[in-house]
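User: I'd like to go through the labels on this model and hear what backs each one up. Could you walk me through them?

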Amino acid sequence: MSNEEITLTAGDAEVTVQPGNGGRIGGLRVGGVELLRQGERFGCFPMVPWCGRIRDGRFRDGGTVHQMPLNSPPHAIHGTVRDGAWRTARRTADETVITYDLVEPWPFPGRVTQAVALTGDSLTLTMAIEAYDDSFPAQIGWHPWFNRNLGAEDVLVDFSPAWQEERGADHLPTGNRIDVRPSPWDDCFGMPDGVDVTLTWPGQLELKVRSPEKWVVVYDEQEAAVCVEPQTGPPNGLNTLPRLVTPIEPLEATTTWAWTRF
């Protein structure tokens with residue numbers, strides 16, 4: 001793993017990007033306070049070319065069934081690009097663009113590009129997957145680990161999804177849409193007007209996670225962190241709701257985190 005770390009600054013905000021560690025956002029500091037859980041596996045990593053779990057690690061493309069490694073047995077989870085080293089395409093004081101060429105075990109050649117843009121009060125992440133030859137199903141998402149506590153009160157999570165995906169015993173959506181249940185969650189929610197989730201650390205900071213995408217996974221079962229994951233489809237979506245990437249039509253997604261300090 002390359003130790004290259006890119007630091008972006010704007011106002012009193014600072015972001016670190018780690019191309020060699022899966023294209024991950026290693027940290028986001030606002031006014032000197034770190035918002036993301038620290039550690040090699042944490043920060044915020046891109047989920048590409050799928051999000052969450054694939055049932056039994058298998059997905060179908062036309063008449064062909066492809067098998068992915070079972071890195072969360074009995075399923076495959078969170079794509080392949082978080083395990084690879086990305087390249088830096090360009091960088092300025094407050095923006096960088098990094099790229100990753102899809103390789104095995106993903107069976108289709110292509111490229112992922114991620115742009116990271118910082119302002120004094122927001123961070124915008126934009127990702128695209130392009131296919132070189134054959135078309136293929138894919139998903140894009142982000143998996144940030146926000147610190148539950150910034151030194152005072154625990155974070156409050158507020159959002160108004162239209163539905164919750166019923167989760168089966170195998171941790172995958174059953175296909176049924178249900179009324180939103182109380183937390184704790186490791187669940188996918190539908191937000192047809194776009195993802196809009198507010199995290200509030202009382203007396204300290206409010207952060208809004210927004211995206212034009214219509215799906216978000218919220219994971220708050222861990223003591224140290226809360227995850228709010230905008231994505232282009234639900235878990236197991238390569239099988240249930242595939243988005244097709246073609247040589248002339250890439251798949252693109254974006255999310256913005258905007259904050260206000262109290």
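Analyst: Here are the labels, each set against its cut-off. This is a predicted model, where local features need pLDDT of at least 70 and side-chain atom pairs count only at pLDDT 80 or more, while totals for chains, interfaces and linings use all residues. Residues are numbered from 1 along each chain as its sequence is written, and side-chain values use heavy atoms, with hydrogens and water left out.

User: What makes β10 and β11 a pair?

Analyst: Two strands pair if DSSP finds at least two bridges between them, strands being DSSP runs of E, at least two residues long, numbered from the N terminus. β10 and β11 (residues 95-101) have 4 bridges and run antiparallel, so they pass. Arg91 faces Thr96 of β11 there.

User: And why is β10 called an edge strand?

Analyst: The open sheet has 8 antiparallel strands, ordered β10-β11-β12-β13-β25-β21-β20-β16. β10 (87-91) and β16 (156-158) each have a single partner strand, so one side of each lacks a neighbour in the sheet.

User: How do you know that β3 pairs with β4?

Analyst: That one has 2 bridges, again antiparallel, with β4 covering residues 33-34. The requirement is at least two, so it counts. Val30 stands opposite Val33 in β4, and in the hairpin, with 2 residues between the strands, Gly31 has a positive phi near 60°. β3 (residues 24-30) also pairs with β2 (residues 13-18), antiparallel over 6 bridges.

User: What makes β3 mostly covered?

Analyst: Of its 7 residues, 6 are buried, meaning under 20% relative accessible area with a 1.4 Å probe, protein chains only.

User: Why is the Phe59 and Trp106 pair called stacked?

Analyst: Rings of Phe, Tyr and Trp (its six-membered ring) pair if their centres lie within 6.5 Å; planes under 30 degrees apart are stacked, over 60 edge-to-face, the rest tilted. Phe59 and Trp106 are 5.1 Å centre to centre with 15° between the planes, which fits stacked. Phe59 is in β7 (residues 58-61) and Trp106 in the loop between β11 and β12 (110-118), so the pair links parts 47 residues apart in sequence.

User: What makes Trp145 and Tyr219 edge-to-face?

Analyst: Their centres are 6.1 Å apart and the planes meet at 80°, so both cut-offs are met. Both residues are buried, too.

User: How do you know that Arg37 sits over the ring of Phe42?

Analyst: The rule wants NZ of Lys or CZ of Arg within 6 Å of the ring centre and within 35 degrees of the ring normal. The charged end of Arg37 is 3.8 Å from the centre of the Phe42 ring and sits over it. Arg177 likewise lies over the face of Trp163, at 3.6 Å.

Notes. Buried < 20%, exposed > 50% of the residue type's maximum accessible area, 1.4 Å probe, protein only.
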